[in-house]
Amino acid sequence: RADHDLLTGISNREAFYRQTTELLLGQPDTEHVLLAMDIDRFKVVNDMFGKEIGDRILIAVAQGLKQLLANIGTFARMEADHFVACFPKKLLQMDRITRLVDRGLKRQNLDYHIQMSYGVYLIQDRDVTVHQMCDRAMMAMKTIKGDALRRYALYDEKLRQSLLEESEILEDMNDALAKKQFVAYLQPIFSIDTIQPVSAEVLVRWHHPKKGVIQPGTFIPLFERNGFISKLDYYIWERACELLQHWKTIDYPLPISVNISRIDLYSPHLCDQLVQLTQRYGIDPSMMRLEITESAYSKDPEDLVATINQLRAEGFLILMDDFGSGYS
């Protein structure tokens with residue numbers, strides 16, 4: 001009971017750590033790999049077919065691992081739909097493994113396509129703990145989640161470096177906002193008829209004291225995932241209001257468009273925040289245009305339309321950003 005997962009009967013997390021440590025110590029001259037895997041959209045499977053069917057699938061995966069690796073390597077159910085295995089590198093034939101697992105999942109005869117994603121960690125440094133090896137294999141796996149074309153990913157130095165850079169960005173973000181390292185840049189929008197600027201879009205760049213200028217493609221996706229994007233968006237909206245206020249004093253009536261992220265749209269205070277900002281800086285809401293990315297329209301469209309109507313009623317103009325990029 002202490003060593004086994006009650007549902008599937010295979011090893012649990014703690015037993016896997018111990019057994020794999022013993023396996024690696026006992027075979028110091030054999031190259032091994034650690035494989036992390038989980039079922040794509042397993043929560044959907046549980047919701048559609050019920051927990052009993054979900055449990056049946058988990059048991060099928062465990063039995064498949066048992067057939068493949070009994071007396072060859074170690075394997076376990078870590079939690080929920082997360083499984084791990086450790087075995088000699090010479091057996092790492094991912095096409096064969098995915099094919100065998102897919103065949104076992106198909107035998108469940110569900111009217112739904114079930115597949116697994118895999119992360120591979122090549123064990124080269126035996127001083128790394130099994131716990132860390134699992135983490136690295138899972139990190140690799142997470143890089144392909146939701147990618148229908150890629151079934152597995154390898155943890156390598158490039159991925160390690162990328163993850164370290166992401167970690168540094170996340171550590172620096174709050175300090176960077178407090179020190180105003182995020183700078184608003186303007187991209188002018190010209191009239192074809194008059195060849196004069198008619199508006200501008202605010203873009204953000206991070207002026208990092210050590211890394212130099214960091215482009216938004218590096219940090220925006222991270223901030224969208226951890227929710228920090230809401231703080232950054234508000235900061236940029238305020239910079240836009242300051243600029244519009246300045247332009248008003250010099251009689252330069254050019255509107256500015258700012259981005260509204262998907263996370264902002266879930267806030268019940270979005271409209272109030274924008275109205276209060278424009279009032280504080282004495283700006284007509286029509287001068288601050290709101291760009292909502294096209295992908296936002298594919299989720300909760302009724303709530304989105306209600307929010308948009310509320311903003312339009314306050315005088316804001318709504319623009320669709322990234323139009324035609326795949327959702328329209």
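This is a walk through the structure in your viewer, one selection at a time, and the model you are looking at is predicted.

**Start with the whole chain**

Show everything as a cartoon and colour it by secondary structure. You should be able to pick out eleven helices and eleven strands. The radius of gyration is 26 Å, well over the 20 Å that the globule rule gives for 328 residues, so the chain is more spread out than a compact globule. Turn it along its principal axes and the C-alpha trace spans about 80 × 45 × 40 Å.

Two more values for the chain before zooming in. Of the 328 residues, 43% count as buried. Take the contacts between residues at least 6 apart in sequence: 68% of these join residues at least 24 apart.

**Stop 1: α1 against α5**

Select residues 13-26, which is helix α1, and residues 130-142, which is helix α5. How far apart are their axes, and at what angle do the two helices pack? The axes are 9 Å apart and the angle is about 105°. That falls between 65 and 115 degrees, so α1 is roughly perpendicular to α5.

Now show side chains. On the α1 side, pick Phe16, Tyr17, Thr20, Thr21 and Leu24; they meet Val130, His131, Met133 and Cys134 of α5. Sorted by class, this contact has six nonpolar and three polar residues, with no charged ones.

**Stop 2: the segment before α1**

Slide back towards the start of the chain and click Leu6, in the segment before α1. Is Leu6 buried or exposed? With 71% relative accessibility, Leu6 counts as exposed. If you want a ruler check, draw a line from its C-alpha to that of Ala137: the two residues are 131 apart in sequence and 24 Å apart in space.

**Stop 3: Arg77 in β2**

Next, select Arg77, in strand β2 (residues 74-79). Its relative accessibility is 14%, and the cut-off for buried is under 20%, so Arg77 counts as buried. What does the side chain of Arg77 join by a polar contact? The partner is the side chain of Asp5, at 3.2 Å.

Expand the selection to what touches Arg77, skipping neighbours within four places in sequence. You will pick up Asp5, Leu7, Thr8, Ile10, Ser11, Asn12 and Arg13, along with Leu58, His82 and Phe83. Keep Leu58 in mind, as it turns up again at the next stop.

**Stop 4: α2 against α3**

Select residues 42-49 for helix α2 and 51-69 for helix α3. Their axes come within 7 Å and cross at roughly 135°. An angle over 145 degrees would count as roughly antiparallel, and these two helices are therefore oblique to each other.

Which residues make the contact? From α2, show Phe42, Val45, Asn46 and Phe49; from α3, show Lys51, Ile53, Gly54, Ile57 and Leu58. By class, that gives six nonpolar, two polar and one charged residues.

**Stop 5: three loop residues**

Jump to Asn109, in the loop between α4 (94-106) and β4 (116-123). Check its backbone: phi is near 55°, a positive value in a residue other than glycine. Asn109 is exposed, with a relative accessible area of 67%.

Follow the chain past β4 to Gln124, in the loop between β4 and α5. This residue is exposed too, at 66% relative accessible area. Measure across to His32: the C-alpha atoms of Gln124 and His32 are separated by 8.0 Å, although their positions lie 92 residues apart along the chain.

Then go on to Lys180, in the loop between α6 (157-178) and β6 (182-190). Lys180 is not a glycine, yet has a positive phi of about 55°. It is exposed, with a relative accessible area of 56%.

**Last stop: Thr278 in α10**

Finish at helix α10 (residues 270-280) and click Thr278. Buried or exposed, where does Thr278 fall? At 2% relative accessibility, Thr278 counts as buried.

Show the side chain and look back along the helix. The side chain of Thr278 reaches the backbone oxygen of Val275 at 2.8 Å. Beyond its neighbours within four places in sequence, Thr278 is in contact with Ile283, Pro285 and Phe316.

Conventions: Residues are numbered from 1 along each chain as its sequence is written. This is a predicted model: local features need pLDDT of at least 70, side-chain atom pairs count only at pLDDT 80 or more; totals for chains, interfaces and linings use all residues. Side-chain values use heavy atoms; hydrogens and water are left out. Axes are lines fitted to C-alpha atoms, for helices over the stretch in contact, and angles run from 0 to 180 degrees between N-to-C directions. Helices (H or I, at least four residues) and strands (E, at least two) are DSSP runs, numbered from the N terminus. Angles under 35 degrees count as roughly parallel, over 145 as roughly antiparallel, 65 to 115 as roughly perpendicular and the rest as oblique. Contact means heavy atoms within 4.5 Å. Ala, Val, Leu, Ile, Met, Phe, Trp, Tyr, Cys and Pro count as nonpolar, Asp, Glu, Lys and Arg as charged, and the others, Gly among them, as polar. Buried means under 20% relative accessible area, exposed over 50%, partly exposed in between (1.4 Å probe, protein chains only). A polar contact is a pair of N or O atoms within 3.5 Å; within protein, one must be able to donate a hydrogen and the other to accept it, and residues adjacent in sequence count only if both atoms are side-chain atoms. The radius of gyration is taken over C-alpha atoms; the globule rule is 2.2 Å times the number of residues to the power 0.38.
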